[in-house]
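User: Please take a close look at the empty spaces in this structure, beginning with the pocket that opens to the outside. I should also like to know how the packed nonpolar parts relate to them.

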Amino acid sequence: MSQGPTHSPPGRRSVLRGSLAASAALALPTALGSAPTFGSASAFALSGRPTAGWGVQTGDVTDDSGLVWVRSDRPARMIVETSATGSFRDPRRWHGPLLGADTDFTGTTRLRGLPSGEQIHYRVLLADPDDPRRTGEPVSGTFRTAPRGRRGGVRFLWSGDLAGQGWGINPDIGGYRIYDAMARLDPDFFLCSGDNIYADGPIAATAALPGGGTWRNITTEEKSKVAESLAEFRGNFRYNLLDQNLRRFNARVPSIVQWDDHEVRNNWYPGEVIATTDTRYTEKSVDVLAARALRAFSEYFPVSTLRPAGRDGRVHRVVRHGPLLDVFVLDMRTHRNANSPDDQVADPRGILGAAQLDWLKRELSRSRAVWKVIAADMPLGLVVPDTTEGRPNFEAVAQGDPGVPLGRELQLAELLRFIKHRRITGTVWLTADVHYTSAQHYQPSRAAFTDFEPFWEFVSGPLNAGAFPAGALDNTFGPERVFVKAPTASNVSPAGGYQFFGEVDIDGDSGELTVRLREQDGTVLFTQRLQPGRVGQ
């Protein structure tokens, strides 16, 4: 373990990147709230050909497959071409879906049969549905497939919480600059741990900064109020794509995306009814809002277990990244019980729901990966209060009682006991949500519940949102806060710092896993190395 600010250069995987950076360098739109148009792309739009001004994304990439996403400005047929080089000589062609109003002109094409451990260059063409010869300007990107062997190792980043607390895209500081810092590390993928949007957080043109000064935001109509309609949820996802740093990043780095509360509403749970005193909302059923949000989420991210228009599917899934890594993406929102004092002595539903817990146990047992990263959208031992209903309820797993497991802790105790007795090795927990960065080590010798093996939980974020002081720890599972960086004031703007992301680096030879907690410019704040093959760490 080491602490202290340092800069560590990427040092690898830098080939085949130079040409892409230039092709993906998209400018911010000149008309706020309109679809971005770039150079000759605007000429294509004027000619009646489809354009892809919102960039491209890839997601859930494995050793032989990946998903490619695009949005058109009009009805179009999605076509993807792939090549081993950026010259696109002798490309392989994939015919994707027809993009139309039912999916807000977004679409995803699954690429199969890709070579493992290779750099894949791709470009998306949008064709006129009535005349396939009429295509818009291609939009290019690249990604690496996972290796089938251990050679080369794995590097990925994680964080969460984007455009929260009214801090949006500020052109005065260059927008979401953290994405450029992350891109410089050349990761295999980026894990977004939730709060990809703040549907409940309108963004005004300006916000006052503490001590004087003004924060200036790019604004859109859909971000002028809380999201209620499907169109407003879609507009929230489009808002972030107005940022050139994010679009560049999306074209270079695949994503694994999960959701949390702000994709719908702060601290939401199934069956919740919004109080009549909250006049921001005319739609009072959170289930209705959540269904609209999930549909928009499924349209704007390439997620392997979701389908177009949100007709079926789920957020929780396993993404396998070769023999070194499986990522277990949890959904701690959709299947949870109601937020409450959380002191019940029996809780069969918990924060995951019984079916998702069974799924997680089964998939952990089946995994043969050296490392099993459990991607949680909420922390485990950090107390997260929920006062939205005017009483002291709790939002995550912990409720501040340091004794035996109660409420949602019962489900976590069951899972930790299962991992211990099944001898499941290499589990590490990653999360965001609380708007500061920290590292917690959980140890049964310090805990009220002792039937588990020691493990680590690492917290990062926000990407671009208000930062908050560190919360209290609940001693039920014996956490020790080994490192933390957080402000002493609440809702510190991105201009004041405290924006974070994390890095995970797995060495292909030794299997050693290194976690680095980083500031928004890439400065390393904390490093922890873990050894493979152990049930506890």
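Analyst: In this predicted model, 23 residues line the largest pocket, and those nearest its centre are V384, P385, D433, V434 and F468. The space in this pocket comes to about 500 Å³. Its lining is mixed in class, with 9 nonpolar, 9 polar and 5 charged residues.

Enclosed spaces form the next part of the picture. Rolling a probe the size of a water molecule over the atoms shows where empty space is left. The structure contains 4 cavities of 30 Å³ or more, and the largest of them has a volume of about 250 Å³. This largest cavity is lined by 20 residues, of which Y179, N196, L246, N250 and F301 are the closest to its centre. Four elements each supply at least two residues of that lining: the strands β11 (189–192) and β14 (255–257), together with the helices α4 (230–240) and α5 (244–252). The largest share, 3 residues, comes from α5. By class, the lining of the largest cavity consists of 13 nonpolar, 5 polar and 2 charged residues.

The second largest cavity has a volume of about 100 Å³. Among the residues that line this second cavity are L330, M332, I351, R408, Q411 and W429. Helix α8, which spans residues 409–421, gives the most to this lining, with 3 residues. Here the classes are 10 nonpolar, 1 polar and 1 charged.

The packed nonpolar parts may now be set beside these spaces. In soluble globular proteins, nonpolar side chains tend to be buried together. The largest nonpolar core in this model has 48 residues, and Y179, M182, F190, Y239, V264 and F297 have the most contacts inside it. Elements that give two or more residues to this core are α3 (178–183), β11, α4, α5 and α6 (286–300). Of these, α6 gives the most, with 7 residues. Y179 thus appears twice, both among the residues closest to the centre of the largest cavity and among those with the most contacts inside the largest core. Likewise, β11, α4 and α5 supply residues to the cavity lining and also to the core.

Y239 illustrates the packing around one core residue. Leaving aside residues up to four places away in sequence, Y239 touches A163, G168, I169, Y176, I203, N217, I218, T219, T220 and K223. Finally, a second, separate core of 34 residues includes A376, L416, I424 and Y442.

How values were computed:
Residues are numbered from 1 along each chain as its sequence is written. This is a predicted model: local features need pLDDT of at least 70, side-chain atom pairs count only at pLDDT 80 or more; totals for chains, interfaces and linings use all residues. Side-chain values use heavy atoms; hydrogens and water are left out. On a 1 Å grid over the protein atoms alone, a cavity is a set of points where a 1.4 Å probe fits but cannot get out, and a pocket is an open set with protein on both sides within 12 Å along at least five of seven lines; lining residues have an atom within 4 Å of a point. Grid points are joined across faces, edges and corners, and a volume is the space filled by probe spheres set on the points. Ala, Val, Leu, Ile, Met, Phe, Trp, Tyr, Cys and Pro count as nonpolar, Asp, Glu, Lys and Arg as charged, and the others, Gly among them, as polar. A nonpolar core is a set of buried Ala, Val, Leu, Ile, Met, Phe, Trp, Tyr and Cys residues joined through side-chain atoms within 4.5 Å. Buried means under 20% relative accessible area, exposed over 50%, partly exposed in between (1.4 Å probe, protein chains only). Contact means heavy atoms within 4.5 Å.
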